[in-house]
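Student: I should like to look closely at one part of this complex. Could you please take me through the packing of one pair of helices and then place that pair in its surroundings?

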Amino acid sequence: MSTIPTQSSKSTYLRFWERTLSDRRMGVGSYVWSLHRVTGFVMVAYLVAHLFVLGTILQSGGSFDNIMSVLANPGVKVGEIILIWVAILHGVNGIRLFALDLAPSMNHRISAYAVVAVTVVLGIVVAVFIW
Amino acid sequence: MQRDIPQATVWSVDRGAEMSIAGWLAQRWTGVLLVVFLLAHLVVAHFVVVSPTTGEISAGEVASRLQSGWFQVLDMGLLGLALYHGFNGVLRVIVSAGHVGNRLYFVLLGLFWIIGIALTYYGVLVFRAFLG
């Protein structure tokens, strides 16, 4: 914290990325950890919502078919793709955490980068497949 | 020497610092199982069953898929595992924020278990409604 240059000629954006990638401040692993928590919350909320959407089958009348036809709208695909990215990040980082528990000598930084890479690759593959 | 003196029970421990091995492993293993179950669920329920013309999922197709035992295991397992893993995770996040003593911890734990069981029951009702 004592070495923040105030007169640097580099842009704030460039300095942020230099710091993050060199792990002098928050490293990639910290961001992945924060995202892991955020995606976890999002998925719990989605799970409850999903249950109640399915629960429309319990109501008389066409509530289930109504909501299914609303969800067949092609714009919903964007939300689906975002949700799948959320799930992929949480799952891949979760596996990384389990591996870190079982093999503590694994490098935290490299595995964090691997998580980001795998998430982006899988996410793009699935997004192309859904679209 | 420590054992000779009767110690008073400390009720104000910070619950964020400890977790049983069983709970830890349960969270890890439910996570791994969920990756498998979720993958299967997405492939089956959202790619195979969707009607190719309208992109809609009809209740009849869901019902016919749920006749098979494997799909029943898939859906019910996914429900239980996801609720357990999710609420356990939320509890862990709340507790790790600090200042959660024994009493508050058990209140939260009970709350999450009650909500979890209630949602599981709701899920079983929905499940049976699909089966007809």
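Tutor: The account below begins with the model itself, then turns to the helix pair, the contact between the chains and the partner chain.

This is a predicted model, in which local features need pLDDT of at least 70, side-chain atom pairs count only at pLDDT 80 or more, and totals for chains, interfaces and linings use all residues. Residues are numbered from 1 along each chain as its sequence is written, and chains are lettered from A in the order in which they are written. The predictor assigns the complex an ipTM of 0.83 and a pTM of 0.82.

Two packed helices are described by the angle between their axes and the distance between the axes. Helices here are DSSP runs (H or I, at least four residues; strands are E, at least two), numbered from the N terminus. In chain A, helix 2 and helix 4 pack with their axes 9 Å apart, at an angle of about 125 degrees. Axes are lines fitted to C-alpha atoms over the stretch in contact, and angles run from 0 to 180 degrees between N-to-C directions. Helix 2 of chain A is therefore oblique to helix 4 of chain A; angles under 35 degrees count as roughly parallel, over 145 as roughly antiparallel, 65 to 115 as roughly perpendicular and the rest as oblique.

Residues are in contact if their C-beta atoms, placed from the backbone, lie within 7 Å. From helix 2 of chain A, the participants include A:Leu35, A:Thr39 and A:Tyr46, and those of helix 4 of chain A include A:Leu83, A:His90 and A:Asn93. By class, this contact has nine nonpolar, five polar and no charged residues. Ala, Val, Leu, Ile, Met, Phe, Trp, Tyr, Cys and Pro count as nonpolar, Asp, Glu, Lys and Arg as charged, and the others, Gly among them, as polar.

The contact between the chains takes 21 residues from chain A and 22 residues from chain B. On the side of chain A, helix 2 (28-54), helix 3 (63-71) and helix 4 (76-102) each give two or more residues. Helix 2 of chain A supplies the largest share, eight residues. The side of chain A that touches chain B divides into 14 nonpolar, five polar and two charged residues.

Chain B, the partner, has four helices and zero strands. Its average pLDDT (the predictor's confidence in each residue, from 0 to 100) is 84, and 82% of its residues score at least 70.

Notes:
Two residues are in contact if their C-beta atoms, placed from the backbone, lie within 7 Å.
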